[in-house]
Amino acid sequence: MKHKPLVTHMYTADPRAHVFNDKVYIYTSHDIEAGIPENDFGDHFDMRDYHVLSMASIPGEVTDHGVALDIKDIPWAGRQLWSNDCATKDGKYYLYYPMKDKTDVFRLGVAISDSPSGPFKPEPEPMEGSFSIDPCVFCDTDGQYYMYWGGIWGGQLQRWITGKYDPTVGQEPDTESPAIGPRIAKLRDDMLGYAEEIKEIRILDEEGNPLKGTDHNRRFFEACWMHKYNGKYYLSYSTGNTHLILYAIGDNPYGPFTYQGVILTPVLGWTTHHSILEFKGKWYLYYHDCELSAGKTHLRSIKVRELRYNPDGSIVTMDGGN
Ligand code: FUB
């Protein structure tokens, strides 16, 4: 494969990259061999800590800053530290992470540090009213912070359709009704909770109709990411069981967003997950695959490659196979 894992001394996944203090900091999941058999609810992703990586240039040397947050230090911990993200405000760094609580329900937690590389001190309780997985925190050009999040199947979002957790709901409602959308809410000034009612995001097809639950090649599954380019809001996400990274464009942070196309075709492995950032005048896609583990689903490695736009603002599709 043309693109190589950024680090090989451990398995890393779910890269969420940001520029802080002129460096790229990458917030990753730390994959381990936990010995748990693979299933559709992701029990085999039984991660127990986070590491932060940084790069002063792309390509360039990658620094592993060590353990940034350990599950044993989180008072509400059940299991499974999945994809995390970080935002900075007034000199503090806020790490947002999903984890199952002691009743096996995914919640979102916050941990705080004075440094982008941690260590991060966890808040004693999860964010009030939080659920599901894969938080992404986006700071708009007006300084307002928004959290996007959610994931179906193992990410449990389908169990919150009525507003209350229902453990009897299986994978997803595979129907002609609108597909389940990711969630969005503004963050409070103290960055520790939601400042408004949580809303569901709609992703529309080219005719303006919501994508259907049966449309597995286009509907949202997990790993949403928000970036802004030429004044437009680009919502990108994974389609999960069809293994694509797609994007949709909107005129404001809440959408609706209109489906545009494929950013990354399937990589080696089941999951696909990414982030997009601008650094020193170029745009990059951070993503992961299972090249280093020769295809083991739960042992992934992060990679980076340049992302290009066409003159009309569309993103040039990249081949996940190389
Ligand atoms: O790493 C565990 C889960 O796998 C993430 O939260 C998902 O996005 C998928 O990459």
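Modeller: A polar contact is a pair of N or O atoms within 3.5 Å; within protein, one must be able to donate a hydrogen and the other to accept it, and residues adjacent in sequence count only if both atoms are side-chain atoms. This is a predicted model, with local features needing pLDDT of at least 70 and side-chain atom pairs pLDDT 80 or more, while totals for chains, interfaces and linings use all residues. Residues are numbered from 1 along each chain as its sequence is written, and side-chain values use heavy atoms, without hydrogens or water.

Biologist: Let's start with the ligand. How far is an oxygen atom of the ligand from an N or O atom in the side chain of Asp-134?

Modeller: Asp-134 is one of the residues around the ligand (each with a heavy atom within 4 Å of it), and the list also includes Met-47, Trp-82, Glu-222 and Arg-300. Asp-14 puts a polar side-chain atom 2.5 Å from a ligand oxygen, and for His-273 that distance is 2.7 Å. For Asp-134, the distance from side-chain N or O to ligand oxygen is 2.6 Å.

Biologist: Now Ser-236. Which side chain does Ser-236 join in a polar contact?

Modeller: Ser-236 belongs to strand E15, residues 232-238 (strands are DSSP runs of at least two residues, numbered from the N terminus). Its relative accessible area is 1%, so Ser-236 is buried (under 20%, with a 1.4 Å probe and protein chains only). Leaving out residues up to four places away, Ser-236 touches, among others, Trp-225, Tyr-247 and Ile-276 (heavy atoms within 4.5 Å). The side-chain partner, 2.8 Å away in a polar contact, is His-274.

Biologist: And Ile-245: how far is Ile-245 from Ala-223 in space, C-alpha to C-alpha?

Modeller: Ile-245 sits in strand E16, residues 245-250, and its relative accessible area of 0% makes Ile-245 buried. Beyond four places in sequence, Ile-245 touches Tyr-237, Gly-261, Thr-272 and His-274, among others. Ala-223 is 22 residues away in sequence, and the C-alpha distance is 8.9 Å.

Biologist: What about Met-226? What separates the C-alpha atoms of Met-226 and Ile-249?

Modeller: Met-226 is part of strand E14, residues 222-229, and Met-226 is buried at 2% relative accessible area. Contacts of Met-226 from beyond four places in sequence include Cys-136, Tyr-148, Pro-253 and Phe-257. Ile-249 is 23 residues along the chain from Met-226, yet their C-alpha atoms are separated by 9.8 Å.

Biologist: On to the rings. Why is the pair of Phe-131 and Trp-160 stacked, or what angle do their planes make?

Modeller: The structure has 23 aromatic pairs (Phe, Tyr or six-membered Trp rings with centres within 6.5 Å; stacked under 30 degrees, edge-to-face over 60, tilted for the rest). Phe-131 and Trp-160 have ring centres 4.9 Å apart, and they count as stacked because their planes meet at 25°.

Biologist: How many residues apart in sequence are the parts that this pair of Phe-131 and Trp-160 ties together?

Modeller: Both Phe-131 and Trp-160 are buried, and ring pairs place them in a cluster with Trp-149, Tyr-165 and Tyr-194. Phe-131 is in the loop between strands E8 and E9, and Trp-160 is in the loop between E10 and E11, so the pair ties together parts whose separation in sequence is 29 residues.

Biologist: Last one: is the aromatic pair of Trp-283 and Tyr-309 stacked or edge-to-face?

Modeller: Trp-283 is in strand E19 and Tyr-309 is in the segment after strand E20, 26 residues apart. Both residues are buried. Their centres are 5.4 Å apart with 85° between the planes, and the pair is edge-to-face.

Definitions and conventions:
Helices (H or I, at least four residues) and strands (E, at least two) are DSSP runs, numbered from the N terminus. Buried means under 20% relative accessible area, exposed over 50%, partly exposed in between (1.4 Å probe, protein chains only).
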